[in-house]
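Subject: Structure for your review

Dear colleague,

Please find below the structure that I am handing over to you. My notes on what was found in it follow directly after.

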Amino acid sequence: MTIAETVGRVVAALGCRQVFGVVGSGNFVVTRALTRGGASFVAARHETAAVAMADAWARVTGEVGVATVHQGPGFTNALTALAEAAKSRTPLLLLAGDTSAAAVRSNFRVDQAAIAAAVGAVPERIHTPATAHSDVIRAYRRAALERRTVALMLPLDVQAA
């Protein structure tokens with residue numbers, strides 16, 4: 001099982017019943033694992049719409065809203081709704097693909113953690129295969145218990161491990 005599959009299964013096991021997103025190569029496996037874990041998936045036409053739907057889901061149900069987007073431009077497209085959720089203290093988890101550490105020349109490379117923090121979201125990361133399980137639980141619990149919007153970065157090289 002890859003780390004991406006582990007992340008999806010853990011988020012589903014933590015209670016995610018519904019996930020919203022725009023799927024690309026950076027988040028396909030984690031999204032598939034979420035649905036295999038029992039979460040329903042609603043595809044959005046734009047990343048901001050996906051995060052806005054997760055925000056609305058969280059506000060209506062009282063559960064953690066979950067959204068998923070591709071790295072780079074997929075992440076930056078989600079910023080308007082991410083900022084709104086963060087400013088409203090919505091318990092939301094954004095699963096965002098991220099470029100590999102070695103991909104320094106990738107046109108998808110942006111400092112997603114700094115951008116998330118700049119709009120008020122809490123940046124988290126899957127650091128290594130050894131810490132992936134605890135990284136996911138920490139991010140989900142922050143969203144749920146602290147009522148925070150958390151952007152969990154999923155670097156492609158770690159996802160594939």
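**Salt bridges**

Nine salt bridges are counted in this structure, which is a predicted model. As general background, side chains of opposite charge can pair when their charged atoms come close. Three of these pairs are described here, beginning with one inside a helix.

Asp55 and Arg59 are joined by a salt bridge in which the closest N and O atoms are 2.7 Å apart. Both residues belong to helix α3 (residues 47-61), where they are four residues apart, about one turn of the helix. Asp55 is buried, at a relative accessible area of 7%, whereas Arg59 is partly exposed, at 47%.

A second salt bridge brings together the side chains of Glu124 and Arg142, with an N to O distance of 3.2 Å. This pair links distant parts of the chain, since Glu124 lies in strand β5 (residues 122-125) and Arg142 in helix α7 (residues 132-146), 18 residues apart. Glu124 has a relative accessibility of 9% and counts as buried; Arg142, with a relative accessible area of 26%, is partly exposed.

The third pair is Asp135 with Arg138, whose closest N and O atoms are 3.1 Å apart. These two residues are three residues apart in helix α7, so about one helical turn separates them. Asp135 is buried, with a relative accessibility of 2%, while Arg138 is partly exposed, with a relative accessible area of 31%. Through salt bridges that share partners, Glu124, Asp135, Arg138, Arg142 and Glu146 form one network.

**The sheet**

The strands may be considered next. Six strands form an open sheet in the order β2-β1-β3-β4-β6-β5, and their pairing is parallel. Strands β2 and β5 are at the edges and have a single partner strand each, so one side of each has no neighbour in the sheet. On average, neighbouring strands of this sheet are turned by 25° against each other, direction ignored. In general terms, strands of a sheet pair through backbone hydrogen bonds, either parallel or antiparallel.

**Strand β1 and its surroundings**

Which residues of strand β1 are buried on its two faces? In β1 (residues 18-21), Gln18 and Phe20 are buried on one side and Val19 and Gly21 on the other, which leaves both faces covered.

Strand β1 is paired with β2 and with β3. Four bridges connect β1 to the parallel strand β2 (residues 40-43), and Gly21 has Ala43 as its bridge partner in β2. Three bridges connect β1 to strand β3 (residues 65-69), again in parallel. In β3, Thr68 stands opposite Gly21, and Ala67 is the bridge partner of Phe20. Gly21 therefore has a partner in β2 and another residue opposite in β3, at a position that is buried.

Two helices complete this part of the description. Helix α2 (residues 28-36) forms a right-handed β-α-β unit together with β1 and β2. Helix α3, which also holds the Asp55 and Arg59 pair, lies across β1, β2, β3 and β4 (92-98) and runs at about 170° to β3.

In reading the structure, you may wish to begin with the network of Glu124, Asp135, Arg138, Arg142 and Glu146, and then turn to β1, whose two faces are both covered.

Yours sincerely,

A colleague

Conventions:
Residues are numbered from 1 along each chain as its sequence is written. This is a predicted model: local features need pLDDT of at least 70, side-chain atom pairs count only at pLDDT 80 or more; totals for chains, interfaces and linings use all residues. Side-chain values use heavy atoms; hydrogens and water are left out. Buried means under 20% relative accessible area, exposed over 50%, partly exposed in between (1.4 Å probe, protein chains only). Two strands pair if DSSP finds at least two bridges between them. A crossover is right-handed if, with the strands pointing away from the viewer, the path from the first strand over the helix to the second runs clockwise. A salt bridge is a side-chain nitrogen of Lys or Arg within 4 Å of a carboxyl oxygen of Asp or Glu. Axes are lines fitted to C-alpha atoms, for helices over the stretch in contact, and angles run from 0 to 180 degrees between N-to-C directions. Contact means heavy atoms within 4.5 Å.
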